[in-house]
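Reader: I am new to this structure and would love a guided tour. Could you take me through it, one question at a time?

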Amino acid sequence: MTKSTVYRPLCIEDAVQLARNIEGVFSPTASLRCEEIGDGNLNLVFRVYEISKDTTDSALSPRRIIIKQALPYAKVVGESWPLTLDRARIESQALIAQGQLVPHLVPKVYLYNPDLALTVMEDLSDYTIMRAGLMQRNLYPLFAEHIAEFLAKTLFFSSDLGLNQQDKKRNVERFINPELCKITEDLIFDDPYTASPNNNCDAAIEDELKKLSQDRGLQFEVMLLREKFLTQAQALLHGDLHTGSIFITPESTKVIDPEFAYYGPMGFDIGAIIANLILNTISQEHWSADEETRRQYRAYLLQMVRDIWNQFESRFRSLWDNHVVDRMAQTDGYQDTYLTRVLQDSVGYAGCKMIRRIVGLAHVADIDSISDLHVRERAQRTALFIGKRLVNMNRRIQSIDEVITACEHGIAGVQA
Ligand code: SR1
Ligand code: MG
């Protein structure tokens with residue numbers, strides 16, 4: 001049995017010491033280097049790697065690990081925003097659960113230490129964070145296939161369709177995640193529609209924030225989506241599946257960071273991916289050097305959105321046909337209705353996520369790092385226009401093509 005340790009945030013030396021003590025990773029005499037590389041909103045992330053006479057480059061080191069430690073507060077705001085350390089347990093258990101279904105699509109977990117609220121996992125420093133890759137207009141030909149597989153398997157096999165209903169309820173209990181869900185409930189489904197001090201809206205578009213707070217029709221749709229987020233324990237979600245939660249190469253995809261995992265509506269995860277791809281599509285006004293490059297990359301990203309939904313749907317249907325555990329789910333017409341509802345939810349949540357990334361607390365680098373203020377303002381207004389459109393149309397959507405058309409019109413219209 002391991003001796004229990006009192007929680008403290010690690011420093012670089014602690015991380016090296018901890019890494020040395022993990023059996024079977026580093027030899028006792030290895031020269032280790034450690035960097036704190038966390039650039040997210042919540043945690044400390046240490047990369048520890050062995051250096052040799054041939055290389056000091058972490059990506060080339062054959063032995064390297066990541067130590068991810070939860071802080072007892074939200075790093076993005078500071079100690080005034082306390083946050084549960086239990087999210088480290090949720091994250092490690094979610095990674096393990098996903099690893100059983102799609103081992104090639106998540107990092108390996110080596111160790112979880114509840115006292116220090118940390119998870120030790122595979123280092124992916126030879127991968128790129130997808131958001132950064134898209135800002136450089138990289139091509140990821142296998143991404144749609146990979147993420148469709150991730151979504152279809154993790155969502156299907158954690159739901160009442162693919163899991164015995166008693167086991168599923170025990171899982172719901174294990175993944176109760178009230179504090180992280182509260183962040184989502186506030187930041188996505190509340191703050192953008194009111195004068196919240198959490199909001200972070202550029203002065204140039206304050207008129208848009210005011211319009212959001214006055215738009216009763218939009219707020220009604222957001223409320224319905226919020227209600228589902230609060231009440232529908234449909235499947236075990238990743239819970240924060242944006243392009244900063246994905247490590248990628250042209251050949252391989254790894255989904256990281258499921259600390260927001262909980263049982264919620266499937267469309268919330270699918271919508272997160274769609275929203276972030278659309279935000280990058282809009283931001284190409286800046287990232288693409290010329291008109292033709294921009295046109296091509298935008299078409300590429302929107303095709304990716306289409307492929308993700310279509311491949312998700314076909315995989316999900318096939319899992320249903322071959323592995324469904326609920327006899328009643330074979331009722332005529334139920335599969336079609338179920339998938340239409342998941343599509344509609346995905347579109348609604350995509351819209352909500354686009355809006356929150358423009359006026360809410362946490363933004364996206366794709367748009368925020370646009371240096372030309374006029375271009376940035378145009379991108380923000382376009383994102384809000386499309387985001388609102390997706391929210392408003394979500395309950396009528398019948399096909400992913402309607403989403404692509406809405407994006408094309410939004411980009412052409414606002415920027416004409
Ligand atoms: C206070 S945390 C802000 C945001 O960062 C995470 O990545 C989630 O998206 C959360 O809403
Ligand atoms: Mg995260």
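**Side chains, rings and helices**

Author: Welcome! At 44% relative accessibility, Lys-182 counts as partly exposed. Keep in mind that this is a predicted model.

Reader: Thanks! Which residue meets Lys-182 in a salt bridge?

Author: Side chains of opposite charge can pair when their charged atoms come close. Lys-182 lies in helix H6, and its partner sits in that helix too, four residues apart, about one turn of the helix. The N to O distance is 3.0 Å, and the partner of Lys-182 is Asp-186.

Reader: Is Asp-186 buried or exposed?

Author: The cut-off for buried is under 20% relative accessible area. Asp-186 has a relative accessible area of 18%, so Asp-186 is buried.

Reader: How does helix H6 run relative to helix H8?

Author: Two packed helices are described by the angle between their axes and the distance between the axes. Here H6 (residues 178–189) and H8 (residues 216–231) have axes 11 Å apart, at an angle of about 175 degrees. Angles over 145 degrees count as roughly antiparallel, so H6 is, relative to H8, roughly antiparallel.

Reader: Which residues of H6 make the contact with H8?

Author: On the H8 side, the contact is made by Val-222, Leu-225, Arg-226, Phe-229 and Leu-230. The residues of this contact divide into six nonpolar, one polar and two charged. From H6 come Cys-181, Thr-184, Glu-185 and Phe-189.

Reader: Phe-229 lies in helix H8, but which residue in strand S12 does it pair with?

Author: The two rings have their centres 4.8 Å apart, with their planes at 50 degrees, so the pair is tilted. Phe-229 is buried, with a relative accessible area of 2%, and its partner is buried as well, at 7%. Since the partner lies in strand S12 (residues 262–264), the pair ties together parts that are 33 residues apart in sequence, and that partner is Tyr-262.

Reader: What kind of aromatic pair do Tyr-334 and Tyr-338 form?

Author: Both lie in helix H11 (residues 334–359), four residues apart. Their rings are 5.7 Å centre to centre, with 80 degrees between the planes. Planes over 60 degrees apart count as edge-to-face, and the pair of Tyr-334 and Tyr-338 is edge-to-face.

Reader: Which residues join Tyr-334 and Tyr-338 in one aromatic cluster?

Author: By accessibility, Tyr-334 is partly exposed at 31%, while Tyr-338 is buried at 8%. The cluster they belong to also takes in Phe-156, Phe-157, Trp-309, Phe-312, Phe-316 and Trp-320.

Reader: Where is the salt-bridge partner of Arg-64?

Author: Arg-64 belongs to strand S3 (residues 64–70), and the pair links distant parts of the chain, 59 residues apart. The partner is Asp-123, with 3.0 Å from N to O. Arg-64 is buried at 16%, and Asp-123 is buried at 6%. Asp-123 is in the loop between strand S7 (118–122) and strand S8 (128–129).

Reader: Which residues are joined with Arg-64 and Asp-123 into one network?

Author: Such a network arises here from salt bridges that share partners. Joined with Arg-64 and Asp-123 are Glu-35, Arg-47 and Asp-126.

Reader: And how many salt bridges does the count come to?

Author: One of them is formed by Asp-86 with Arg-89, the closest N and O atoms being 2.7 Å apart. Those two both lie in helix H2 (residues 86–101), three residues apart. The count of salt bridges comes to 33.

Terms used: Residues numbered from 1 in each chain as written. Chains lettered and ligands numbered in written order. Predicted model: local features only at pLDDT ≥ 70, side-chain atom pairs only at ≥ 80, totals over all residues. Heavy atoms only, no water. Axes fitted to C-alpha atoms, helices over the stretch in contact; angles between N-to-C directions. Parallel < 35°, antiparallel > 145°, perpendicular 65-115°, else oblique. Contact = heavy atoms within 4.5 Å. Nonpolar A, V, L, I, M, F, W, Y, C, P; charged D, E, K, R; others polar. Salt bridge = Lys/Arg side-chain N within 4 Å of Asp/Glu carboxyl O. Buried < 20%, exposed > 50% of the residue type's maximum accessible area, 1.4 Å probe, protein only. Phe/Tyr/Trp six-rings, centres within 6.5 Å; stacked < 30°, edge-to-face > 60°.
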